[in-house]
Amino acid sequence: MARVTLRNISKSYGQLEVIRDLSLDIEDGSFTVFVGPSGCGKSTLLRMIAGLEPITGGDLMIGGTRANDLDPVARGIAMVFQNYALYPHMTVEKNIAFSLKMAGYGRAEIARRVAEAAEVLQIGHLLGRRPANLSGGQRQRVAIGRAIVRDPAVFLFDEPLSNLDAELRVSMRSEIAQLHQRLTNTMIYVTHDQTEAMTMADRIVVLREGRIEQTGTPQELYEDPANAFVAGFIGSPRMNFLPARASGSALELPGGARLGCAGDGLPRELSLGIRPEAARPGREGGGLRLEMEVALVEYLGGTRYLHGHLADGTAMLIEARSAAGIRPGDRLPFTCPLEALRAFAPDGARLRSLSLLPAEPETA
Amino acid sequence: MPVTPPKWIIALVGAIGLLWIVPLIGVALTSLQTPEAIARGWWNLGNADFTLDAWTRVWTEYPIAASLWSSVKLTAIATVLTMLTAPAAAYAFHYLRFPLRRGTLILVINAFVLPQQVVIIPLFQLWRDMGLIGNVAAVIVPYVGLSYAWAVFLVKSFLEDFPKELIEAARIDGCGPVGTFFRIVLPNLVSPISACAILQFLWCWNSLLLPMLFLREDVPLTVMLARIAGQYDPNVNMQSAAAIVTAFVPLCVFILFQKQFAAGNQVSGGGKE
Ligand SMILES: Nc1ncnc2c1ncn2[C@@H]1O[C@H](COP(=O)(O)OP(=O)(O)OP(=O)(O)O)[C@@H](O)[C@H]1O
Ligand SMILES: [Mg+2]
């Protein structure tokens, strides 16, 4: 169990700086997920914590001691790799036992711990097999077993589920979450899949180009994104962004919709974010009224996604739970409550000073 | 996908194969005939009388058995040394960071383009000054040293495809670089190491120049064969017998291990590639 603190961490490969001056506090026993688009430096950051990649600048503290120059073992970490990285020439049992053997544990102790890990992960019947004779999900369990057997202070996962098929990914997701509840070690998990991040994390760290865009609980990030990047990245399907123009105390939106607005220092051009699930088909309900032309209906059983565009061509995707009978080509009015709208400046920063008001009654 | 080739290809390849075998048959028949019969041509089997005379004579008049033992000894030592040290060197060059790594690697690999003949004279002078002429080390050192050029290269190029995560996983598991080499890398290098071993075995076994110059007694079969051939007697039949003895061992080695030689070269950490 340990708290992990990153202080002004940076990483360069030659001239290329991939992590810049990054500071982060990871609570003891938390499940923290690093999420971000491909190439943003998630793996690099994790590998620096693991001790696989030298740290260019800053301090890494694990459990209160500076760990920059410690070996992975001395850091008390264990890591699960994306490609499992099981030793192909060893049986499952030997794979799991390897780190204990390296640490010089006795035979009986090793056997006891391996059996315990196998029990937790339900891989007892696989212990005699070679990795080549396992399914993807079984391999991943073995890889996790190899990590938990050492009872490390910090678990590191680098996209451990991305090689599994969709169904297995969902079940492994909840298994890892349960494992965390059971073991209560600090876990750091890297993924580019926001759904994984949302469902598993206590805290999400959104990264972009080697910087932290925002940290917070899944709910905080979803409801109160710090900028358009986080708003667009968290939540599925993606948030819609509508161009809006501020003139005086009014906001003009595509298709002639208007809203009142108040706030100082507003830019002329801004964008309004609407989550697909916040929009309500129909004319009932107050707030923002818009109309879209439906181009595609995605039926998902309990719900459906309506793809289309607004009058000015802005792409729009809304979720409709109870709007049967809508077909491509239809013009569909919908509303969105004002408190569900998020405003962003052209550079992506959240416009917190802006407050939206219902449209002023038309003055004829 | 196995496809049955057209018949004419089989016939053509068969014919070419037969052509290749003819000299072998010739050598075998020559070794079984008298010099007079050979003078008429080994293929004139009509009035040839077969005899094991050449085989017994070559065995008694020349120390073939000692040479065979000498060949086995030299080749085995050189092969084992290459099998052990070339992978270690390749591993160090590939995974460890040390000063002059690149420079040293280029130096080692460049021996590839260096013909053996170039090193022989300076090496001869060196061995003479060190009093090593006639010592097996005088041959084994260049055997192993010259093999590094291709052996290190071969194993290193295999390591290029070796999953980096396995090395990293071993590091996470608390295994040091030497332990990682012996416990993780070596067990997965069976096919390139066998390839090295086979090539090195064949090369050492067939090598003539180095042992001829650096050894006095205890010469290997190739040198003995050259000595037999150097006689002025009409002894083609004995030469043939000695040649068969010389060629027999590498042939067996190749046939026995050709599977490893052609084996697939993939190690996987278990992920979908
Ligand atoms: N050894 C290296 N040398 C140079 N640049 C590197 C090296 N490793 C990574 N990078 C660069 O660092 C950046 C971050 O890489 P990283 O692997 O951390 O991305 P990531 O967020 O894990 O992406 P993904 O989701 O695709 O795994 C990338 O731009 C990558 O090109
Ligand atoms: Mg990555």
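**Terms and their grounds in this model**

Q: Which elements of chain A each supply at least two residues of the shell around ligand 1?
A: They are β2 (16-26) and α1 (42-50) of chain A. Such labels number the DSSP runs from the N terminus, a helix being H or I of at least four residues and a strand being E of at least two. The model is predicted: local features need pLDDT of at least 70 and side-chain atom pairs count only at pLDDT 80 or more, whereas totals for chains, interfaces and linings use all residues. Residues are numbered from 1 along each chain as its sequence is written, chains are lettered from A and ligands numbered from 1 in the order in which they are written, and side-chain values use heavy atoms, with hydrogens and water left out.

Q: What makes a residue one of those around ligand 1?
A: One of its heavy atoms must lie within 4 Å of the ligand. Among the residues that qualify are A:Y13, A:L16, A:V18, A:S38, A:K42 and A:E159. Helix α1(A) gives the most to this shell, with three residues.

Q: Why is the approach of A:Y13 to a nitrogen atom of ligand 1 called a polar contact?
A: A polar contact is a pair of N or O atoms within 3.5 Å; within protein, one must be able to donate a hydrogen and the other to accept it, and residues adjacent in sequence count only if both atoms are side-chain atoms. A polar side-chain atom of A:Y13 lies 3.3 Å from the ligand nitrogen, so the pair satisfies the limit. A backbone N or O atom of A:C40 is 3.2 Å from an oxygen atom of the ligand, and a polar backbone atom of A:G41 is 3.0 Å from a ligand oxygen. The protein covers 59% of the 640 Å² of accessible area that ligand 1 has on its own. Such areas come from the Shrake-Rupley method with a 1.4 Å probe, and for residues only the protein chains shown count as cover.

Q: How do you know whether A:G36 is buried or exposed?
A: Buried means under 20% relative accessible area, exposed means over 50%, and partly exposed lies in between (1.4 Å probe, protein chains only). The value for A:G36 is 0%, so this residue is buried. A:G36 sits in the loop between β3 (31-35) and α1 of chain A. Its C-alpha is 7.8 Å from that of A:F233, although 197 residues separate the two in sequence.

Q: What makes phi of A:D21 worth noting?
A: Most residues other than glycine have a negative phi, and most peptide bonds are trans. Phi of A:D21, by contrast, is positive, near 40°. This residue lies in strand β2 of chain A, and its relative accessible area of 55% is why it is classed as exposed. The peptide bond from A:S236 to A:P237 is cis, with omega near -5°; A:P237 belongs to the loop between α9 (228-233) and β11 (240-247) of chain A.

Q: Why are strand β16 and strand β17 of chain A said to pair?
A: Two strands pair if DSSP finds at least two bridges between them. Strands β16 (residues 288-299) and β17 (residues 304-310) share seven bridges in the antiparallel sense, so the condition is met. One partnership sets A:M292 against A:L310 in β17(A). Both strands belong to an open five-stranded sheet of chain A, ordered β15-β19-β16-β17-β18 with antiparallel pairing. Strands β15 (280-281) and β18 (315-320) are its edges, since each pairs on one side only.

Q: Why is the meeting of the side chains of A:E293 and A:R331 called a salt bridge?
A: The term requires a side-chain nitrogen of Lys or Arg within 4 Å of a carboxyl oxygen of Asp or Glu. The N to O distance is 3.5 Å, so the pair qualifies. The link joins distant parts of the chain: A:E293 in strand β16 and A:R331 in strand β19 (residues 331-336) of chain A, 38 residues apart. At 31%, A:E293 is partly exposed, as is A:R331 at 49%.

Q: What makes A:E319 buried or exposed?
A: Its relative accessibility is 11%, so A:E319 counts as buried. Its salt-bridge partner is A:R321, with the closest N and O atoms 3.3 Å apart; A:R321 is exposed at 59%.
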